[in-house]
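Open the model in your viewer and keep the selection tool at hand. The tour goes stop by stop, and each stop says what to select.

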Amino acid sequence: PATVAQGGSWFVNWADFTSVVPLSDSLWGAHWLDSQPEGGYAYDVRVAMSNDGGETWSEPFLPHFDGTPTEHGFVTLFPDSNGVGMVWLDGRKMVNEYDENDVRASGMTLRAATFGEDQTPIRSSLVDDLTCDCCQTDVAITSDGPVVVYRDRTTEEIRDIYVSRREFGEWQEGKPVSRDNWEIAACPVNGPIIRANGNQVVTTWFTAAGDSPVVKAAWSNDGAKTFADPIEISADIPLGHIGAALLADGDLIVAWQEKTGQGGAELLLRRLSPSGEVSDVYRLNEAADVFAFSVPQVAVVRDNVVLVWTTQVDDAYGIRSALIPASELD
């Protein structure tokens, strides 16, 4: 392992985790969260860049300039304009007094920015002015440009999964992937995943609308302008916390967590085709503690599926990984 950055004031938790993302062969980006002096949930995003494939790293910089003692996190980095694009949840409006009749005045927002290789700001914009507070974001690059997926929030506390596409440099108004109509007056801390190959896009997410927890996926053949009816991945008491990756043949590998009858959790996998066919469930790992696993990270390397996740067993933390031939998930 090589050190990207270090510090004693970082904001560290299981849900809002750091990242290192290869944006090209040579240009890499990394981000982490740094607590503000006010403490609590006041923290900033820090971003560093490498121009030599991760060998050396720049000094960190802030992608946001509001200066408020509020939350800034749940970042996704992606390649953009020969630099680094990013989206994040931004709580700058939370300095306003809460008004239950106007939650937009003090709610969480989704913002985006692009910086060049020299960290020069290229663009910055508001994507959505009211989102769920602490669900992970994700971005896929389609033939027509980037698409961000996130959990929206309405003034009626409906928290469904939305996408926003960037067209001609402008982020479009967010639209629902599926109208689950999950009404919940709190954040479920359960973000969606989006993957793309050309203009074929697939989004995977967790919902518990009607008190029925389900992991779903929906496909789009037009760059996320429209989505087909969702396909059920699991309804056997899933916890969500999803990871996903596309195989070379276009099938999707989905990883998620599920409760067991003994109060524990399982880490599971399933293969999904664009036509809606699903494989048998592949059980990867089981733990006695329902909170034992972090959000799994999934990638495809040639004909293999690679997963990495953290575990907590008897107060001991560790990183585990698995390499599974894709043929075992048929």
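**Stop one: a buried aspartate**

Select Asp 90, which counts as buried because its relative accessibility is 0%. This is a predicted model. Asp 90 belongs to strand E5, residues 83-90.

Now show the side chains around Asp 90. One polar contact, 2.9 Å in length, runs from the Asp 90 side chain to that of Trp 88. Another polar contact of 2.9 Å joins the side chains of Asp 90 and Arg 92.

Which residues does Asp 90 touch, leaving out those up to four places away in sequence? Select His 64, Asp 66, Glu 71, His 72, Met 108, Thr 109 and Arg 111. Keep Glu 71 highlighted, since the next stop uses this residue too: Glu 71 is one of the residues lining the second largest pocket.

**Stop two: the second largest pocket**

Switch on a surface. The second largest pocket has a volume of about 190 Å³. To outline this pocket, select Phe 11, Asn 13, Trp 14, Ala 15, Asp 16, Tyr 41, Tyr 43, Glu 71, Phe 74, Asp 133, Cys 134 and Val 189. Colour the lining by class: eight residues are nonpolar, one is polar and three are charged.

Within that selection, pick out Phe 11, Tyr 41 and Tyr 43. These three residues form one aromatic cluster, and the lining of the second largest pocket includes each of them.

**Stop three: aromatic pairs**

Stay with the rings. Across the whole structure, a search finds six aromatic pairs. Select one of them, Tyr 150 with Tyr 162: this pair is tilted, with 6.3 Å from centre to centre and 45 degrees between the planes. Tyr 150 sits in strand E9 and Tyr 162 in strand E10, so the pair ties together parts that are 12 residues apart in sequence. Are these two tyrosines, Tyr 150 and Tyr 162, buried or exposed? Tyr 150 and Tyr 162 are both buried.

Next, select Trp 182 and Phe 206. Their aromatic pair is edge-to-face, at 5.9 Å centre to centre and 75 degrees between the planes. The two residues come from distant parts of the chain, 24 residues apart. Trp 182 is in the loop between strand E12 (175-176) and strand E13 (193-197), while Phe 206 is in strand E14, residues 200-207. Trp 182 and Phe 206 are both buried.

**Stop four: an exposed loop residue**

Go back to the loop between E12 and E13 and select Ala 185. Ala 185 counts as exposed because its relative accessibility is 71%. Beyond residues up to four places away in sequence, Ala 185 touches Glu 157 and Arg 159.

Add Arg 153 and draw a C-alpha to C-alpha distance. Ala 185 and Arg 153 are 9.4 Å apart in space, yet 32 residues apart in sequence.

**Stop five: the cavity**

Hide the surface and look inside. How many cavities of 30 Å³ or more does the structure hold? There is one. The largest cavity has about 50 Å³ of space.

Select its lining: Thr 142, Asp 144, Gly 145, Pro 146, Val 147, Arg 165, Arg 166, Glu 167, Asp 222, Gly 223 and Lys 225. Strand E9 (145-151) and strand E10 (161-167) are the elements that give two or more residues to this lining. Strands E9 and E10 also hold Tyr 150 and Tyr 162 of the tilted pair, respectively. By class, the cavity lining has six charged, three polar and two nonpolar residues.

Note on methods: Residues are numbered from 1 along each chain as its sequence is written. This is a predicted model: local features need pLDDT of at least 70, side-chain atom pairs count only at pLDDT 80 or more; totals for chains, interfaces and linings use all residues. Side-chain values use heavy atoms; hydrogens and water are left out. Helices (H or I, at least four residues) and strands (E, at least two) are DSSP runs, numbered from the N terminus. Buried means under 20% relative accessible area, exposed over 50%, partly exposed in between (1.4 Å probe, protein chains only). A polar contact is a pair of N or O atoms within 3.5 Å; within protein, one must be able to donate a hydrogen and the other to accept it, and residues adjacent in sequence count only if both atoms are side-chain atoms. Contact means heavy atoms within 4.5 Å. On a 1 Å grid over the protein atoms alone, a cavity is a set of points where a 1.4 Å probe fits but cannot get out, and a pocket is an open set with protein on both sides within 12 Å along at least five of seven lines; lining residues have an atom within 4 Å of a point. Grid points are joined across faces, edges and corners, and a volume is the space filled by probe spheres set on the points. Ala, Val, Leu, Ile, Met, Phe, Trp, Tyr, Cys and Pro count as nonpolar, Asp, Glu, Lys and Arg as charged, and the others, Gly among them, as polar. Rings of Phe, Tyr and Trp (its six-membered ring) pair if their centres lie within 6.5 Å; planes under 30 degrees apart count as stacked, over 60 as edge-to-face and the rest as tilted.
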